[in-house]
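User: Please explain how the labels applied to this structure follow from the computed values.

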Amino acid sequence: MAEEYATFEKSGVTVDEIVQCSFSNWCDLFKEHLYPYRVINPLPPSFIEYLLSDGIKLATKQKQLEQTSDNEYSDWEEDEADEPEPVHLKFIELHDQINKYVDELGGQVIPKLNWSTPKDASWLIPGNTVRCIESNDIYLLLKSSDHIVDDLLYPFSEVDNAKDIKVSYELILKKWEDINPALEFRVFVKDGKISGISQRDLNYYDFLKDLQLEIDERISKFVYEEAIPKLNLNKFILDVYIPRPFEKVLIIDVNPFSRKSDSLLFTWNELLVKIPKDDNDYEFRLINETNLGAFAKKQYSESQVPIDVVGAANDAEALINLAREWDKLQAKEANSEKK
């Protein structure tokens, strides 16, 4: 008996669809459905170069004076005499603007570029989160994220023959809000119809099954009456949050209908081969008692690091020191290679 194989289906995503899903191209359409945010566009080339450079260099803070045993004050000049020019001086206007926006948004923000949030680098921030309270947190996440590298170098990698496409890169700072991850959902839209809705957080929440019908109706109404008409895209992925009392839909993100996004409780092959018969021909999938084990996995496990680095991640100052030591080590290696 011959074995059956599933055909690898391409997403068919286009350059235009990817560009239209860049944050600034859709955010004004849904201001009532977004938490407060600020957009910095365009980003200076010096900042893009910084994000793509090797090593982790962070902005320096004002030096503190320390009283020595001889009642003299030291600013550790001997230790820091060989340190290079503070990295943020290469994009000082942007640095000042970031600090201003962080303050305007309440002192806690979530950073992202055109398409991606650096969630895969969240282990670097105390509490394993993307919540940033200062510019160094933002730089650390952006520089350490593979998702951000993909935004910068390979945004059109799923499009055949896509070459020399210019992108106006932007930094988005969203106000941090404590939200219930159980109420986040991912909506897959294809051919102008919902092809599937999935729970985003892959943990089991017993109360969701009793709310599934109500949430389904709220999401479906929003997608068909607002998201599809306003975005004017044939296919896309919509991440939404439905806070109690489930009267409003908040948009977390709009993504291209691309295999780069996690298909969560579906497979990409399911989503790509399915042809919805009507507006209601889709599944709304939740984690339940029977499928919990199948989807139990550590998110972004490819970003795991040695335990000593994880330990430093629980102490912001220790993490900055670790980054500086790493930078010094790289500088020494570079000097030795020149000799």
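**Salt bridges, burial and packing**

Analyst: A search of the whole structure finds 15 salt bridges. The model is a predicted one.

User: What makes the pair Lys-221 and Glu-225 a salt bridge?

Analyst: The N to O distance between their side chains is 3.1 Å. The cut-off is 4 Å between a side-chain nitrogen of Lys or Arg and a carboxyl oxygen of Asp or Glu, so the pair qualifies. Both residues belong to helix H7 (residues 208–231), where they are four residues apart, about one turn of the helix.

User: Why is Lys-221 called partly exposed, and why does Glu-225 count as exposed?

Analyst: Lys-221 has a relative accessible area of 43%. Partly exposed covers values between 20% and 50%, so Lys-221 falls in that class. Glu-225 has 52% relative accessibility; exposed means over 50%, and Glu-225 is therefore exposed.

User: How do you know that Lys-31 forms a salt bridge with Asp-28?

Analyst: The closest N and O atoms of Lys-31 and Asp-28 are 3.8 Å apart. That value is within 4 Å, so the pair is counted. Both Lys-31 and Asp-28 are exposed.

User: What are the classes of Arg-285 and Glu-283, and why?

Analyst: Arg-285 has 17% relative accessibility. Because buried means under 20%, Arg-285 counts as buried. Glu-283, with a relative accessible area of 44%, is partly exposed. The two form a salt bridge, with their closest N and O atoms 3.0 Å apart. Elsewhere, Glu-184, Arg-186, Arg-200 and Asp-239 are joined into one network by salt bridges that share partners.

User: Why are helices H4 and H5 called roughly perpendicular?

Analyst: The axes of H4 (residues 92–104) and H5 (residues 135–144) cross at roughly 110° and come within 9 Å. Angles of 65 to 115 degrees count as roughly perpendicular, so the label applies to H4 and H5. On the H4 side the contact is made by His-95, Ile-98, Asn-99 and Val-102, and on the H5 side by Ser-135, Ile-138 and Tyr-139. These residues of the contact divide into four nonpolar, three polar and no charged.

User: What makes strands E8 and E9 a pair?

Analyst: Five bridges join E8 (residues 236–241) to E9. Pairing requires at least two bridges, so E8 and E9 pair. The two strands run antiparallel, and Val-240 has Ile-251 in E9 as its bridge partner. Strand E9 (residues 250–255) is mostly covered, with six of its six residues buried.

Technical notes:
Residues numbered from 1 in each chain as written. Predicted model: local features only at pLDDT ≥ 70, side-chain atom pairs only at ≥ 80, totals over all residues. Heavy atoms only, no water. Buried < 20%, exposed > 50% of the residue type's maximum accessible area, 1.4 Å probe, protein only. Axes fitted to C-alpha atoms, helices over the stretch in contact; angles between N-to-C directions. Parallel < 35°, antiparallel > 145°, perpendicular 65-115°, else oblique. Contact = heavy atoms within 4.5 Å. Nonpolar A, V, L, I, M, F, W, Y, C, P; charged D, E, K, R; others polar.
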